Amino acid sequence: MKIDLNRSDGSRTTFDVSVEPSDIELETDLARVKDDISAKGAVSSEDHYTVIEAEIVAPLEIDCSRCLERIPSVHEFVFKSAFASAEQLNEEVEVELDLQDLELSFAEDDEIDLRDVIREQIVLNLPARPLCREDCKGLCEVCGGNLNKVSCDCKQEETDPRWAALKNLK
Ligand SMILES: [Zn+2]
Ligand SMILES: [Zn+2]
């Protein structure tokens, strides 16, 4: 769904779309879209910008940040963002005054694809350090075994992880 940023006619259009995983290739190796994404929301054309708000339901698979196991989970969130085209930017209007707390993004073209907006929002809403479970034991640093599933006899050097990080820098 393409959204014309230069309408500026005060109109409000609602949408209720389902986007296939192949249309939303996330620019990250840490998560994958497993099923159709639902996006329900509205596009409002204001004088100098366009507001897109939507409720997203995205079935994802995310890698555990400790053991790298895949965690299937449905991510639901809402977002509201404002967009302006280069043309609107050139009008040199004090857009920010009536934006209140909305963040304004500038688009290179006069239109944006709703799929691009959804993709970006999904990545923004990914957890920073996802865990398969609260007490995930992670991988053995020596043999690489998943310590949630196997117990190995490797000798773990008792090092402070912060020092280990410094060691890796060398
Ligand atoms: Zn884990
Ligand atoms: Zn081990």
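**Group meeting: two zinc sites and a set of salt bridges**

Good morning. The accessible surface of this protein comes to about 11,400 Å², and carbon and sulfur atoms account for 46% of that area. Please keep in mind throughout that what you see above is a predicted model. Of the 170 residues in the protein, 36% are buried.

Let me turn to the overall architecture. The protein has four helices and eight strands. Starting at the N terminus, the order of elements is β-β-β-β-β-β-α-α-β-β-α-α. Among contacts with a separation of 6 or more, 60% are between residues that lie 24 or more positions apart. Several of the features I shall describe are of this long-range kind, and I begin with the metals.

Which residues coordinate the zinc ion that is labelled ligand 1? The donors are the SG atoms of Cys64, Cys67, Cys132 and Cys136, at 2.2 to 2.3 Å. The angles among these four donor atoms run from 106 to 115°, and the site is tetrahedral. In sequence, the donor residues follow the spacing C-x2-C-x64-C-x3-C. Cysteine 67 sits in the loop between β5 and β6 (70-85), while cysteine 132 sits in the loop between α3 (114-124) and α4 (161-169); the pair, 65 residues apart, thus links distant parts of the chain. As to their surroundings, cysteine 67 has a relative accessible area of 5% and is buried, whereas cysteine 132, at 30%, counts as partly exposed.

The zinc ion labelled ligand 2 is coordinated by the SG atoms of Cys140, Cys143, Cys152 and Cys154, at 2.3 Å. Its donor residues are spaced C-x2-C-x8-C-x1-C in sequence. Why is the arrangement around this ion called tetrahedral? The reason is that the four donor atoms subtend angles of 106 to 112°, and four donors count as tetrahedral if all angles lie between 85 and 135 degrees. For reference, the ideal angle for four tetrahedral donors is 109.5 degrees. Cysteine 140 is buried, with a relative accessibility of 3%. Cysteine 143, by contrast, is partly exposed at 45%.

I now move from the metals to the charged side chains. Side chains of opposite charge can pair when their charged atoms come close. How many salt bridges does a search of the whole structure find? The search finds 12, and I shall discuss some of them.

One of these joins aspartate 113 and lysine 2, with an N to O distance of 3.7 Å. Aspartate 113 belongs to strand β8 (residues 111-113) and lysine 2 to strand β1 (residues 2-4), so this salt bridge ties together parts that are 111 residues apart in sequence. Is each partner buried or exposed? Aspartate 113 is buried, at 8% relative accessible area, and lysine 2 is exposed, at 54%.

A further salt bridge is formed by the side chains of arginine 32 and aspartate 63, at 2.6 Å from N to O. This pair also links distant parts of the chain, since arginine 32 is in strand β3 (residues 31-33) and aspartate 63 in strand β5 (residues 50-63), 31 residues apart. Arginine 32 is partly exposed at 23% relative accessibility, and aspartate 63 is buried at 17%.

Arginine 70 and glutamate 61 also form a salt bridge, their closest N and O atoms lying 3.4 Å apart. Here arginine 70 is exposed, with 53% relative accessibility, and glutamate 61 is buried, with 11%. The two pairs I have just described do not stand alone: Arg32, Lys34, Glu61, Asp63 and Arg70 are linked in a network of salt bridges.

My last topic is asparagine 6, found in the loop between β1 and β2 (12-19). Asparagine 6 is partly exposed, at 22% relative accessibility. Which residues does asparagine 6 touch, apart from those up to four places away in sequence? They are Ser85, Glu87, Gln88 and Asp110. With two of these, the side chain of asparagine 6 makes polar contacts: one to the side chain of serine 85 at 2.7 Å, and one to the side chain of aspartate 110 at 3.3 Å. Alanine 86 is 80 residues from asparagine 6 in sequence, yet their C-alpha atoms are 9.7 Å apart in space.

To summarise, the predicted model shows two zinc sites, each with four cysteine donors, and a five-residue salt-bridge network that includes Arg32 and Asp63. Thank you for your attention.

Notes:
Residues numbered from 1 in each chain as written. Chains lettered and ligands numbered in written order. Predicted model: local features only at pLDDT ≥ 70, side-chain atom pairs only at ≥ 80, totals over all residues. Heavy atoms only, no water. Donors = N, O, S within 2.8 Å, 3.2 Å for Na, K, Ca; no water. Tetrahedral: all angles 85-135°; square planar, octahedral: opposite > 155°, others 65-115°. Buried < 20%, exposed > 50% of the residue type's maximum accessible area, 1.4 Å probe, protein only. Salt bridge = Lys/Arg side-chain N within 4 Å of Asp/Glu carboxyl O. Helix = DSSP H or I, 4+ residues; strand = E, 2+ residues; numbered from the N terminus. Contact = heavy atoms within 4.5 Å. Areas by Shrake-Rupley, 256 points an atom, 1.4 Å probe, with all protein chains shown as cover. Polar contact = N/O pair within 3.5 Å; in protein donor to acceptor, adjacent residues only side chain to side chain.
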